[in-house]
Amino acid sequence: VFRAGAVETPAPGTADGKATAFVRPDNLELVKTGGFAVDIQRTVALGPLARIEGRTADGQWIEALLPRQIADDLTGQVRLKVRDAHVYSA
């Protein structure tokens, strides 16, 4: 498992130790429980999608792409989960 503050994701095939994870904004999903908390700073409409920009409790900057019909109603704090990531040993 890869962990960076509150964000974690499975990392199969990656050796124990330092690593870097890359998560595309469209590989984050909104969840009701689990995942990690994000304080929304800004929402940017992009046609049928919206980019949610915010920070985790430990200050990590997060960008997520969500369907606009869902994102338009989001304010305050949401919970996100990593659906897919690329993890590389350092």
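The legends below walk through close-up views of a predicted model.

**View 1. An open sheet of 5 strands.** Let's start with the sheet, where 5 strands line up in the order β4-β8-β5-β6-β7. The pairing is antiparallel. At the edges stand β4 (28-31) and β7 (61-67), and each has a single partner strand, so one side of each is left without a neighbour in the sheet. From one strand to the next, the twist averages 50 degrees.

**View 2. The pairing of β5 with β6.** Here we move to strand β5 (residues 36-46) and strand β6 (residues 49-55), which pair in the antiparallel sense over 7 bridges. To find your bearings, look for T43, whose bridge partner in β6 is I52. T43 also makes a handy landmark for a residue elsewhere in the chain: its C-alpha atom is separated by 10.0 Å from that of D73, with the two positions 30 residues apart along the chain. D73 belongs to the loop between α1 (68-71) and β8. With a relative accessibility of 66%, D73 counts as exposed, because the threshold for that class is over 50%.

**View 3. R55 and its surroundings.** Next comes R55, a residue of strand β6. Its relative accessibility is 37%, so R55 counts as partly exposed. The side chain of R55 reaches the backbone oxygen of G59 at 3.0 Å. Beyond its neighbours within four places in sequence, R55 is in contact with A37, V38, D39, Q41, Q60 and W61. For one of these, A37, the C-alpha to C-alpha distance from R55 is 8.3 Å, and 18 residues separate the two in sequence.

**View 4. T56 in the loop between β6 and β7.** Is T56 buried or exposed? T56 is buried, with a relative accessible area of 4%. This threonine is found in the loop between β6 and β7. Its side chain is joined to that of D58 by a polar contact of 2.4 Å. Setting aside residues up to four places away in sequence, T56 touches V7, F36, A37, V38 and I62.

**View 5. The largest nonpolar core.** In soluble globular proteins, nonpolar side chains tend to be buried together. In this model, the largest nonpolar core has 19 residues. Which residues have the most contacts inside it? They are L28, F36, I62 and L80. Strands β5, β6, β7 and β8 (77-82) each supply at least two residues of this core. L80 is a good place to linger: leaving out residues up to four places away in sequence, L80 touches L28, E29, L30, V31, G35, F36, V38, I62 and A64. F36 and I62 may look familiar from the previous view, as T56 touches them too.

**View 6. An aromatic pair between F22 and Y88.** We finish with the aromatic rings, where the count comes to 1 aromatic pair. F22 and Y88 form this pair, which is edge-to-face, with 5.9 Å centre to centre and 65 degrees between the planes. The pair links distant parts of the chain, since F22 sits in strand β3 (residues 19-22) and Y88 in strand β9 (residues 86-89), 66 residues apart. Y88 has a relative accessible area of 45%, so this tyrosine is partly exposed.

Terms used: Residues are numbered from 1 along each chain as its sequence is written. This is a predicted model: local features need pLDDT of at least 70, side-chain atom pairs count only at pLDDT 80 or more; totals for chains, interfaces and linings use all residues. Side-chain values use heavy atoms; hydrogens and water are left out. Two strands pair if DSSP finds at least two bridges between them. Helices (H or I, at least four residues) and strands (E, at least two) are DSSP runs, numbered from the N terminus. Axes are lines fitted to C-alpha atoms, for helices over the stretch in contact, and angles run from 0 to 180 degrees between N-to-C directions. Buried means under 20% relative accessible area, exposed over 50%, partly exposed in between (1.4 Å probe, protein chains only). Contact means heavy atoms within 4.5 Å. A polar contact is a pair of N or O atoms within 3.5 Å; within protein, one must be able to donate a hydrogen and the other to accept it, and residues adjacent in sequence count only if both atoms are side-chain atoms. Rings of Phe, Tyr and Trp (its six-membered ring) pair if their centres lie within 6.5 Å; planes under 30 degrees apart count as stacked, over 60 as edge-to-face and the rest as tilted. A nonpolar core is a set of buried Ala, Val, Leu, Ile, Met, Phe, Trp, Tyr and Cys residues joined through side-chain atoms within 4.5 Å.
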